[in-house]
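Dear colleague,

I am handing over the structure we discussed, and the notes below go through what was found in it. Please keep the model open while you read.

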Amino acid sequence: MTVSRRSSSPLALVRTLRHDHPSLSDDQIDARLLEIEQSLQQSVSVAEAARLAGEKPATIYKAIARGNLTSTTEGASNVHRLSQADVEVWAGRPRRRPSEAA
């Protein structure tokens with residue numbers, strides 16, 4: 001199931017589910033919302049993010065440094081964790097061709 005990023009609140013998601021799928025019961029809506037929440041909470045390493053995005057790890061680190069991707073670290077660790085959903089959205093971004101860079 002894919003989720004649009006336009007729905008920013010749980011209430012908006014419920015309204016969207018009810019509108020798009022009027023035959024869903026409250027239990028089915030709850031189950032779908034749990035799926036959405038779990039997918040948004042999954043985190044990946046920089047290496048996994050690079051594999052998902054089809055990029056090099058250095059590109060992921062540059063995106064983090066530029067603020068295009070958000071990462072977290074635990075304690076004094078240098079190990080970055082990124083939201084899988086954020087990486088997937090970032091990977092689907094429009095890319096410039098080298099000829100457009102000028």
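Two rings of Phe, Tyr or Trp, the last taken by its six-membered ring, are treated as a pair if their centres lie within 6.5 Å. By this rule the model, which is a predicted one, has zero aromatic pairs. There is, however, a charge placed over a ring, since Arg93 lies over the face of Trp90 at 3.8 Å from the ring centre.

A word on confidence should come before the details. The mean pLDDT of the protein chain is 80, and 80% of its residues reach 70 or more. Over residues 1-7, on the other hand, pLDDT stays under 50, and for this stretch the model has 12 contacts beyond four places in sequence. Where pLDDT is low, the predicted coordinates should not be read in detail.

As to the overall fold, the protein chain has five helices and three strands, which follow the pattern α-α-β-α-α-β-β-α when read along the sequence. Of the 102 residues in the chain, 24% are buried. Among the contacts with a separation of 6 or more, 47% are between residues 24 or more positions apart.

Helix H3, residues 46-53, is a good place to begin. Its buried residues are Val46, Ala49, Ala50 and Ala53, and because these fall within an arc of 100 degrees when seen down the axis of H3, they line one face of the helix. An α-helix has 3.6 residues a turn, so residues three or four places apart point the same way. On the other side of H3, Ala47 and Arg51 are exposed. The cover over the buried residues of H3 includes strand S1 (43-45), helix H4 (57-66), strand S3 (81-83) and helix H5 (84-91). After H3 comes Gly54, with a positive phi near 70 degrees.

Helix H4 can be described in a similar manner. Ile60, Ala63 and Ile64 are buried in H4, and these buried residues, seen down the axis of H4, fall within an arc of 100 degrees, so they line one face of the helix. The face of H4 turned away from its buried side carries the exposed residues Ala65 and Arg66. As for packing, the buried residues of H4 lie against H3, strand S2 (71-72), S3 and H5. The residue that follows H4 is Gly67, whose phi is positive, near 85 degrees.

Which residues make up the largest nonpolar core? There are 12 residues in all, namely Val44, Val46, Ala49, Ala50, Ala53, Ile60, Ala63, Ile64, Leu69, Leu82, Val87 and Trp90. H3, H4 and H5 each supply at least two residues of this core, and the largest share, four residues, comes from H3. One of the core residues is Val87, which, leaving aside its neighbours within four places in sequence, is in contact with Val44, Ala49, Leu52, Ala53, Leu69 and Leu82. A second, separate core has seven residues, among them Leu24, Ile29, Leu33 and Ile36.

Two residues in the strands also deserve a note. Ser45 is found in strand S1 and has a relative accessible area of 17%; the limit for a buried residue is under 20%, and Ser45 is therefore buried. Not counting residues up to four places away in sequence, Ser45 touches His80, Arg81 and Leu82.

Arg81, for its part, lies in strand S3, and is it buried, exposed or partly exposed? With a relative accessible area of 29%, Arg81 is partly exposed. Leaving aside neighbours within four places in sequence, Arg81 is in contact with Ser43, Val44, Ser45, Glu48, Thr70, Ser71 and Thr72. Of these, Ser71 is 10 residues from Arg81 in sequence, while the two are 5.3 Å apart in space, C-alpha to C-alpha.

With best regards

Terms used. Residues numbered from 1 in each chain as written. Predicted model: local features only at pLDDT ≥ 70, side-chain atom pairs only at ≥ 80, totals over all residues. Heavy atoms only, no water. Phe/Tyr/Trp six-rings, centres within 6.5 Å; stacked < 30°, edge-to-face > 60°. Lys NZ or Arg CZ within 6 Å of the ring centre and 35° of its normal. Buried < 20%, exposed > 50% of the residue type's maximum accessible area, 1.4 Å probe, protein only. Arc of directions from axis to C-beta. Contact = heavy atoms within 4.5 Å. Core = buried A, V, L, I, M, F, W, Y, C linked by side-chain atoms within 4.5 Å. pLDDT = per-residue confidence, 0-100.
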